[in-house]
Amino acid sequence: MRRVLDRMALVAAVVCAGLFVLLSTVVVGFAVTQRPDSVRTWIASDPSVGIGRFGAVMLAIGAISGAAAYLVTLGTRTHVERSSQELVQLADRFAAGEARLTPVHSDIDEIDHVSGVMNRRAHDMTKSLAAERDFAADASHQLRTPLTALLMRLEEISETDDAEVVKEEATIAIAQVERLTRVVDDLLGRTRGSGGPSPAVSLDSVIAALQREWQPAFEQARRSVRVRGERGLFVRSTPVALSQVLSTLLENSLVHGRGTVDVHARRSGPSVIVEVSDQGDGVPAAMAPHIFERSVSSGAGGSTGLGLALARDLAESNGGRLDLVQAQPARFALFLSEAETD
């Protein structure tokens, strides 16, 4: 860039010097034709002296004008060179995958435009990568729960010789495989950006399926799940999302809580509220305001801190809301729109 700018400055200086020499020649020609006495006196009696003087004057004028042109463009060339170097450094940082880029402000439209494009692209790429990481984490978390429940059922089958128990557990395992398939389909739907209104789903059927799914884990911990409240409620949500949100709350109570887990469903105006609580110590006061943030966890039971954040996202994507309405003992409330049924 420096060589190009210096070459341009040199060309400009030569052109400028040529113009000044040409202008001086015109002035001298005018003087020869219009003021011959003055010219004759200036060159004296020896023509070679006069020609030499004339040449010296022309060279001096050309050199001065060329130097002036070169110096006048020095500031502009320095600014362009500095801005170009900053743009190159910005491009290098962009190529290296740096997320935070400082745009170039050069007052040169073309350089500023390229800088702005790279900054916007870097911002978009950062958002895209963050979304992909979140999706991968969410997908692994959503698949973990049904896979764990399925493993429990298969272990039950492997440890019994009772044909009736095997048949019952196999039926539940098949249902869990179907749920796992729906989870995968739901994840694929999220990547495709599928929208539309949420369907009507029976709250009773989802809770009953979750009771069967989590029964072995709670029995192993010598605990139980009690379901109470209104029956026959239908809510606006996809079955997979509703099941995942409630499953996260049950798992949270199993890992962090104590005693009986209470699941209470009721109407409240146009909404249906499902509250999940237990008899444990609850959420520490310092953690309560941040309980739905990603990576916020007590670390108990290998928790990654994704469950509640994902559950809230799923609730909101289906037009609902998930809140911690009481910290000690912990009570979570899932708010959903009631669906009208024929």
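These notebook entries record what I looked up in one protein chain.

**Entry 1: the chain as a whole**

I note at the outset that the model is predicted. I counted the elements of secondary structure and found nine helices and seven strands. I then looked up burial: of the 342 residues in the chain, 34% are buried. For the exposed surface I recorded about 20100 Å², with carbon and sulfur atoms supplying 58% of it. Among contacts with a separation of 6 or more, 69% join residues that are 24 or more positions apart.

**Entry 2: helices α7 and α8**

Two packed helices are described by the angle between their axes and the distance between the axes. I looked up both values for α7, residues 203-220, and α8, residues 239-256: the angle is about 35 degrees and the axes are 10 Å apart. The crossing of these two helices is right-handed. On the α7 side, the residues in contact include Leu-203, Val-206, Leu-210, Trp-214 and Phe-218. On the α8 side, Leu-242, Leu-246, Leu-250 and Leu-254 are among them. Sorted by class, the residues of this contact are eleven nonpolar, two polar and two charged.

**Entry 3: Leu-203**

I next followed one residue of α7, Leu-203. Is Leu-203 buried or exposed? Its relative accessible area is 1%, which is under the 20% limit, so Leu-203 counts as buried. Leaving aside residues up to four places away in sequence, I found that Leu-203 touches Leu-233, Leu-242, Leu-246, Ala-265, Val-272 and Val-274. Val-274 is 71 residues from Leu-203 in sequence, yet their C-alpha atoms are 9.3 Å apart.

**Entry 4: aromatic pairs**

A pair of aromatic rings is described by the distance of the centres and the angle of the planes. How many aromatic pairs does a search of the whole structure find? It finds two.

One is formed by Trp-214 and Phe-218; I recorded 6.4 Å centre to centre and 70 degrees between the planes, an edge-to-face arrangement. Both residues lie in α7, four residues apart, which is about one turn of the helix. Trp-214 is buried at a relative accessible area of 10%, and Phe-218 is buried at 2%.

The other pair is Phe-292 with Phe-332, again edge-to-face, at 6.1 Å between centres and 85 degrees between planes. Phe-292 is in the loop between β5 (271-277) and α9 (307-317), while Phe-332 is in strand β7 (residues 331-337), so this pair ties together parts that are 40 residues apart in sequence. I found both Phe-292 and Phe-332 to be buried.

**Entry 5: Ala-285**

I stayed with the loop between β5 and α9, where Ala-285 is also placed. Ala-285 has a relative accessibility of 64% and counts as exposed. The C-alpha atoms of Ala-285 and Ala-327 are separated by 7.3 Å, although the two residues are 42 apart along the chain.

**Entry 6: backbone exceptions**

Most residues other than glycine have a negative phi, and most peptide bonds are trans. I looked up where the chain departs from this pattern.

Arg-222 is not a glycine, but its phi is positive, about 60 degrees. Arg-222 sits in the loop between α7 and β2 (225-229), and at 81% relative accessibility it is exposed.

The peptide bond from Gln-328 to Pro-329 is cis, with omega near -10 degrees. I located Pro-329 in the loop between β6 (321-326) and β7.

How values were computed. Residues numbered from 1 in each chain as written. Predicted model: local features only at pLDDT ≥ 70, side-chain atom pairs only at ≥ 80, totals over all residues. Heavy atoms only, no water. Buried < 20%, exposed > 50% of the residue type's maximum accessible area, 1.4 Å probe, protein only. Contact = heavy atoms within 4.5 Å. Areas by Shrake-Rupley, 256 points an atom, 1.4 Å probe, with all protein chains shown as cover. Axes fitted to C-alpha atoms, helices over the stretch in contact; angles between N-to-C directions. Left-handed = near helix turned anticlockwise from the far one by under 90°. Nonpolar A, V, L, I, M, F, W, Y, C, P; charged D, E, K, R; others polar. Phe/Tyr/Trp six-rings, centres within 6.5 Å; stacked < 30°, edge-to-face > 60°.
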